[in-house]
Amino acid sequence: MKTISENRAFGGVQGVYSHASDVTGGEMTFGLFLPEEAEHDPVPVLWYLSGLTCTHENAMVKAGAQKWAAAEGIALVFPDTSPRGADVPNDDAYDLGQGAGFYVNATEAPWSKHFRMWDYVTQELPELLFKTFPLDEGRQGITGHSMGGHGALTIAMSFPGRFRSVSAFAPIANPTQSDWGRKQFAAYLGADEAKWAPHDATLLMKKRGFDGPILIDQGASDQFLENLRPEALAEAMMAARQNGAFRMQKGYDHSYFFVSTFMEEHVAFHAAALYD
């Protein structure tokens, strides 16, 4: 593992690191914020999964999460959204290829060799982090924005007992019925839609739900509402009697102005579960 940078922030350290990934077949970069408490004891960790076109850096710089995480004594992990490099397949469209891994393991050419973000985020990167840094594996939460909200929800519901809490900002809530999903799943996973279902938060909510609290914020003026389909997930949560809250925020769009506005509440939501 290589240290790219480390900066003092809110009493803790915001680091950026890279490492060779066996899963994606290339060099991967991630951000990690460690609060001051990590100097003495392992601390709880909150994963933040980013959206389309983002790298590890977008949320790390724009979300304003470090201040609130420091106040709660929580570490933050900011993974990248896809493999990258000259030998990694890409597409001219912003919503496919590099920057658009969709947190799945691709099975179709040319994507299958590198685009294995599900295994990277759920296996390889956690193993590296918990081996290297003072993080408490028994106290994890996960959140994300847009494509990352989709990833956070599907991962949380697929690993019962791993995460104490899950939240999302404007998640792609029903990708099997959306242009932000059908296009990518067909490319990465093939034409058999049965293989798509495990990566649809609405379908997973109907099937099993989450064994902890959920918080979702959605901007009511989001320019991508048609692709996000929040109503499908809200209805599924209600039908499942899921422990959680789905909040429509009047006037807010899809930007990091929206995310940063409600970040304090999301970190506090996770802290309540992680320190319960």
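Me: Two residues are in contact when they have heavy atoms within 4.5 Å of each other. With that in mind, what share of the contacts in the protein with a separation of 6 or more is made by residues 24 or more positions apart?

Reply: That share is 72%. Please keep in mind that we are looking at a predicted model.

Me: What makes the protein as compact as a globular protein of that length?

Reply: Let's start with its parts: there are nine helices and nine strands. The radius of gyration is 17 Å, and the globule rule gives 19 Å for 276 residues; the two values are close, so the protein is as compact as a globular protein of that length. Along the principal axes, its C-alpha atoms fill a box of roughly 50 × 45 × 35 Å.

Me: How much of the protein counts as buried?

Reply: Of the 276 residues, 58% do. The accessible surface comes to about 11200 Å², and carbon and sulfur atoms hold 50% of that area.

Me: How far apart are the mean positions of the positive and negative charges?

Reply: They are 3 Å apart, taken over 21 positive and 34 negative charges.

Me: Now to some strands. What makes E1 and E2 a pair?

Reply: Two strands pair if at least two bridges are found between them. E1 (residues 2-9) and E2 (residues 12-21) have seven bridges, in the antiparallel sense, so by that cut-off they pair. You can find one such position at Arg8, which stands opposite Val13 in E2. The two strands form a hairpin with two residues between them, and Phe10 in the turn has a positive phi of about 50°.

Me: Which other residues have a positive phi without being glycine?

Reply: Thr53 and Ser146 are among them: phi is near 75° in Thr53 and about 60° in Ser146. Look for Thr53 in the loop between strand E4 (43-49) and helix H1 (57-62). Ser146 is in the loop between strand E6 (135-144) and helix H4 (147-158).

Me: Why is Ser146 called buried?

Reply: Buried means under 20% relative accessible area. Ser146 has 3%, so it counts as buried.

Me: What makes the peptide bond from Ala109 to Pro110 cis?

Reply: Look at omega: it is near 0° for this bond, and the bond is cis. Pro110 sits in the loop between strand E5 (75-79) and helix H3 (117-132).

Me: How do you know that E6 is mostly covered?

Reply: Seven of its 10 residues are buried. Thr143, which lies in E6, shows how the cut-off works: with 2% relative accessibility, it is under 20%, so it counts as buried.

Me: What does Thr143 touch, leaving aside its neighbours within four places in sequence?

Reply: Its contacts include Leu46, Trp47, Tyr48 and Leu49, as well as Phe169, His266 and His270.

Me: Which strands does E6 pair with, and in what sense?

Reply: E4 and E6 pair in the parallel sense over six bridges. Within that pairing, Leu46 has Gly141 of E6 as its bridge partner. E6 also runs parallel to E7 (residues 165-169), and two bridges join them. Pairing needs at least two bridges, so E6 and E7 meet the cut-off. There, Ile142 stands opposite Val166 in E7.

Me: Let's try a helix. Is Leu189 buried or exposed?

Reply: Leu189 belongs to helix H5 (residues 179-189). Its relative accessible area is 6%, and that is under the 20% limit, so Leu189 is buried.

Me: How do you know that Leu189 is in contact with residues far from it in sequence, such as Val104?

Reply: Leu189 and Val104 are 85 residues apart along the chain, with their C-alpha atoms separated by 8.3 Å. Val104 is listed among the contacts of Leu189, together with residues including Asn105, Trp196 and His199.

Me: And why does Phe262 count as buried?

Reply: Phe262 is in helix H9 (residues 256-274). Its relative accessibility is 7%, under the 20% cut-off, so the word buried applies. Not counting residues up to four places away in sequence, Phe262 touches Phe169, Asp217, Arg247, Gln249 and Tyr252.

Me: How far is Phe262 from Tyr120?

Reply: They are 28 Å apart in space, C-alpha to C-alpha, and 142 residues apart in sequence.

How values were computed:
Residues are numbered from 1 along each chain as its sequence is written. This is a predicted model: local features need pLDDT of at least 70, side-chain atom pairs count only at pLDDT 80 or more; totals for chains, interfaces and linings use all residues. Side-chain values use heavy atoms; hydrogens and water are left out. Helices (H or I, at least four residues) and strands (E, at least two) are DSSP runs, numbered from the N terminus. The radius of gyration is taken over C-alpha atoms; the globule rule is 2.2 Å times the number of residues to the power 0.38. Buried means under 20% relative accessible area, exposed over 50%, partly exposed in between (1.4 Å probe, protein chains only). Accessible areas come from the Shrake-Rupley method with a 1.4 Å probe; for residues, only the protein chains shown count as cover. Lys and Arg count as positive and Asp and Glu as negative; His and the chain ends are not counted. The place of a charge is taken as NZ of Lys, CZ of Arg, CG of Asp or CD of Glu.
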